[in-house]
Amino acid sequence: MMLGTEMLRGIRPITTAGSRNAFVTLVTNGDYAMGAVALARSLLLTGSPADIVVLFTGGVEASALQPLEALGCRLVEVDHLPLSHAFNLRHARGNLHANAPFTKGRKPAFHSPLDNFCKLRLWQLIDYSTCIFIDADAIVLKNIDKLFDYPEFSAAPNVYESLEDFHRLNSGVFVAKPSLATFGAMLKQLDEPDVFWRRTDQTFLETFFPDWHGLPVFMNMLQYVWFNLPELWDWRQIAVLHYQYEKPWEVGHPKAAQLRPLIDLWHAHYTGEGVPAPGSLPSPRDADAA
Ligand code: UDP
Ligand code: MN
């Protein structure tokens, strides 16, 4: 394995850590930076004392980072991982979509699969004892600090269509312990010859942590549950709402009419105005009837 100093490369914190634990997200372009603003505002409403860390790449303009800084987020610049050219080609958007098509939903044009792997840089944040990673396309609806006491690696199942989804994890929310040894082991396993991670970091993490600890689905409630499995939906239980596939800030996306109440909730968090009490929101069936 590489030396410790080598394992600290590719990551440039702009400020120092302010607590032992952190929420961590990733933004590689202006669209996901918007997402992170809604996420950060929603986290601040939970009253957590943990840092909110935003990993960002050179693909994000300073003006898109400014609102995150103003909200008190800790900005940490990261490079893409040092992966082989062949790995990058296999996981480039065009190749990945051709070899592992998305049949159940649509990814926005601003989503680059290769960027997902930058999530693994969380393991380099060794100033923290525990991190909760949350995708930039999610909002937090209640305090989830208890997850800082959960083991590595904890994640919720990838439930949005059927019971079979319980066999897979979703990497939009996970609990992890930063460690350079783990990071080094990951880099080694990630880029083996000819390997193809069809759902990028998600498939990799499932393989790297075969004994992953299952969190309740409410810790990562996927938006498609709203129309596919409405009997699972209970606003009082949902801790993290995750807008997988189409994003709530995409204007007029194909599922927008069906997901209207969820999109409105995201915009309330994004602007910080008129955030409703979760108990006051309609159930999927009420919304249908309306
Ligand atoms: N991401 C990013 N830029 C990209 C792709 C992904 O910043 O081009 C980050 C962002 O935090 C995003 C996460 O990686 O939320 C995973 O991608 P996404 O949420 O779009 O995937 P989905 O949840 O739809 O599977
Ligand atoms: Mn996501």
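How many bridges join S2 to strand S3 (residues 51-56)? I looked this up before anything else, keeping in mind that the model is predicted, and I found that six bridges join these two strands, which run parallel.

**Entry on the link between S2 and S3.** I then picked out one pair of partners along these strands and noted that Val27 has Phe56 in S3 as its bridge partner. Following the chain onward from S2, I passed through helix H2 (residues 30-45) before reaching S3, and I recorded this β-α-β crossover as right-handed.

**Entry on the other partner of S2.** I also looked up strand S5 (residues 130-134), which pairs with S2 in the parallel sense over four bridges. Within this pairing I noted that Phe23 stands opposite Ile132 in S5.

**Entry on burial.** I checked how the residues of S2 are placed and found that six of the seven are buried, so this strand is largely enclosed by the rest of the structure.

**Entry on ligand 1.** Which residues come nearest to ligand 1? Of the 16 residues around ligand 1, I listed Thr28, Tyr32, Ser112, Asp135 and Ala136 as those that come nearest. I then asked which elements give two or more residues to this shell, and I found strand S2 (21-27) and helix H6 (113-116). The largest share, three residues, comes from S2, the strand that I had already seen paired with S3 and with S5. Sorting the shell by class, I wrote down five nonpolar, eight polar and three charged residues around ligand 1.

Note on methods
Residues numbered from 1 in each chain as written. Chains lettered and ligands numbered in written order. Predicted model: local features only at pLDDT ≥ 70, side-chain atom pairs only at ≥ 80, totals over all residues. Near = placed C-beta within 6 Å. Nonpolar A, V, L, I, M, F, W, Y, C, P; charged D, E, K, R; others polar. Buried ≥ 20, exposed ≤ 12 C-beta atoms within 10 Å, placed from the backbone. Pairing = 2+ DSSP bridges. Right-handed = clockwise from strand over helix to strand, strands pointing away.
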